[in-house]
Amino acid sequence: MLNFNIWRGGLLLFKKLSTSTAHGDPELLVGLDLGTTKVSVVVAERESRTGEAQIIGIGSAPSNGMRKGLIVNLEQAIRSVRQAISDAENMVGLELKEATVAFSGSEVRSVRSKGMVSLGRSPRPVMQLDVERVIEAAQTEVSVPANQCVLHAIPVEYFLDGHGGIDDPSGMTGVRLEIDLQSVIVPTAVLQNVLNCVERAGLEVSGLVIKPLASALGMLSKEEAMAGTVAVDVGGGTTGVAVFLDGRPRHLSVIPVGGDHITNDIASVLKMPISKAEEIKKEVSLFEGGDGAEDVIEFDVRGRSYSCRVMDVVEVVRCRLEELYSVLIKRDIADVSPSNLSGGVVMCGGVAKTADIDVLVSELLDMPARVSLPLDHDRMPPGRNGVEFVSAAGIIRYMLEKERNPFRYMEPSMDLVRRQGGYSRVVTEEQRPKGPVERVSRGHGFGEILERIKRSIEELF
Ligand SMILES: Nc1ncnc2c1ncn2[C@@H]1O[C@H](COP(=O)(O)OP(=O)(O)OP(=O)(O)O)[C@@H](O)[C@H]1O
Ligand SMILES: [Mg+2]
């Protein structure tokens with residue numbers, strides 16, 4: 001086990017270790033957050049005795065070639081990813097081989113569907129195969145356009161003989177199993193570009209997660225996830241929204257608006273260079289009052305003088321945040337009753353550093369609001385444990401949750417994505433791997449997990 005204290009002393013910079021244990025099993029969990037402002041690579045190490053994972057380092061590099069969460073220049077994006085990988089490798093003193101990647105993009109849709117299967121005439125216990133069947137039944141109800149594909153299939157709730165609220169029906173007895181399933185659909189090209197970018201930068205993609213899900217897992221407490229909470233990650237180019245209720249994500253989406261819009265607004269309304277607008281926006285507080293509000297900021301850029309009033313900067317920032325929260329986010333979560341959101345709003349991402357944003361958002365949405373550090377912040381490297389690293393840390397939590405419960409956040413096998421360039425469902429008969437299947441290792445796709453389940457059932461009978 002690598003020790004954080006050693007890392008703090010910088011000694012690991014000089015160590016080059018292997019990524020494998022003596023038994024050849026991978027012991028590292030790696031997450032890569034492909035952001036518009038920065039690329040982050042989080043590395044966690046699994047403790048062999050407890051199976052728990054601890055973050056041992058986070059690499060980061062400025063992001064180029066990305067706009068509104070999408071890759072717009074592949075070569076530039078590859079360079080940024082490479083830089084972040086090598087930063088992480090230097091920090092932990094290990095060579096990284098594969099990662100689960102968090103990404104976003106504007107056309108993320110989350111669609112709900114229902115499925116139902118019969119368990120027979122007389123009651124019998126639900127087997128994992130039945131769970132698989134009911135998920136497939138719900139997936140057939142989702143129509144996926146030709147150029148889009150399902151990234152996640154997330155069971156929201158199971159029903160047994162009409163009784164809902166069931167978290168995991170395995171082993172429970174009944175005659176009819178139903179499911180309420182959430183499918184996250186993304187454009188196939190977006191997925192392919194992400195895969196292409198990260199693999200060309202040198203890491204094999206072992207899994208994919210949509211950013212708002214990673215962010216929510218990275219910051220919501222168990223109580224908040226149960227009570228009903230909106231998790232909002234406002235980054236540079238996007239805003240990720242996740243509504244959690246009863247511990248499950250009910251809604252996931254990405255709004256293509258972020259802190260870059262605030263910077264651009266300041267630059268264009270108050271007529272100043274982008275670099276200065278970016279700097280100034282980080283200094284103001286949303287409830288700047290008293291004498292300070294009348295203050296004038298004066299500066300020179302390349303021999304030209306500029307000036308603006310603090311209160312005008314605040315006005316521009318507030319305006320954009322009001323549009324984001326009162327219009328875009330409100331509309332996005334309109335299907336969720338406010339009475340189901342007693343946990344309020346929890347925020348992360350670079351924009352959450354805006355002074356007094358919690359007060360403003362609480363007013364705008366009329367619910368409690370707080371800004372959150374990563375749940376794992378005290379075990380993350382200092383300087384890389386702030387609000388903008390919540391989504392990166394959340395990838396590790398996503399990987400662990402998926403491992404503990406393979407049916408919670410299903411995603412397709414990466415081989416399928418590579419081979420077929422897309423898929424309309426997380427799993428279908430034709431897509432399942434043919435022939436003997438190797439032991440499923442951590443972090444693999446749903447197709448392989450199904451094979452393992454099938455094999456264990458075969459062995460049983
Ligand atoms: N102190 C601050 N006050 C206000 N905004 C800030 C502050 N610090 C950073 N930001 C803004 O946060 C944004 C970057 O946030 P973050 O690092 O979370 O983005 P990202 O994850 O790379 O992007 P995305 O998730 O949208 O793809 C930038 O617009 C930056 O200007
Ligand atoms: Mg982000």
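A residue is called buried when its relative accessible area is under 20%. Keep that cut-off at hand for these exercises on a predicted model.

**Exercise 1. Find the aromatic pairs and decide whether F299 and Y306 are buried or exposed.**

Step 1. Ring centres must lie within 6.5 Å to pair, and the count comes to 2 aromatic pairs.

Step 2. One of them joins F299 and Y306, with 5.4 Å from centre to centre and 15° between the planes. Planes under 30 degrees apart count as stacked, so this pair is stacked.

Step 3. Both F299 and Y306 are buried.

Step 4. F299 has a charged visitor too: the charged end of K276 sits over its ring, 5.0 Å from the centre.

**Exercise 2. Classify the pair Y398 and Y409, and say where its two residues lie.**

Step 1. The centres are 5.7 Å apart and the planes make 35°, a tilted pair.

Step 2. Y398 belongs to helix α12 (residues 390–404), while Y409 is in the loop between α12 and α13, 11 residues apart.

Step 3. Y398 has a relative accessible area of 0% and Y409 has 1%. Each value is under 20%, so Y398 is buried and Y409 is buried.

**Exercise 3. Work out which strands stand at the edges of the sheet β7-β12-β9-β10.**

Step 1. The 4 strands form an open sheet in that order, with antiparallel pairing.

Step 2. β7 and β10 each have a single partner strand, so they stand at the edges.

Step 3. For β7, 10 bridges join it to β12; K114, for instance, has D180 in β12 as its bridge partner.

Step 4. Now add a helix: α3 (residues 128–140) lies across β7, β9 and β12, at about 130° to β7.

Key. Residues numbered from 1 in each chain as written. Chains lettered and ligands numbered in written order. Predicted model: local features only at pLDDT ≥ 70, side-chain atom pairs only at ≥ 80, totals over all residues. Heavy atoms only, no water. Phe/Tyr/Trp six-rings, centres within 6.5 Å; stacked < 30°, edge-to-face > 60°. Buried < 20%, exposed > 50% of the residue type's maximum accessible area, 1.4 Å probe, protein only. Lys NZ or Arg CZ within 6 Å of the ring centre and 35° of its normal. Pairing = 2+ DSSP bridges. Contact = heavy atoms within 4.5 Å. Axes fitted to C-alpha atoms, helices over the stretch in contact; angles between N-to-C directions.
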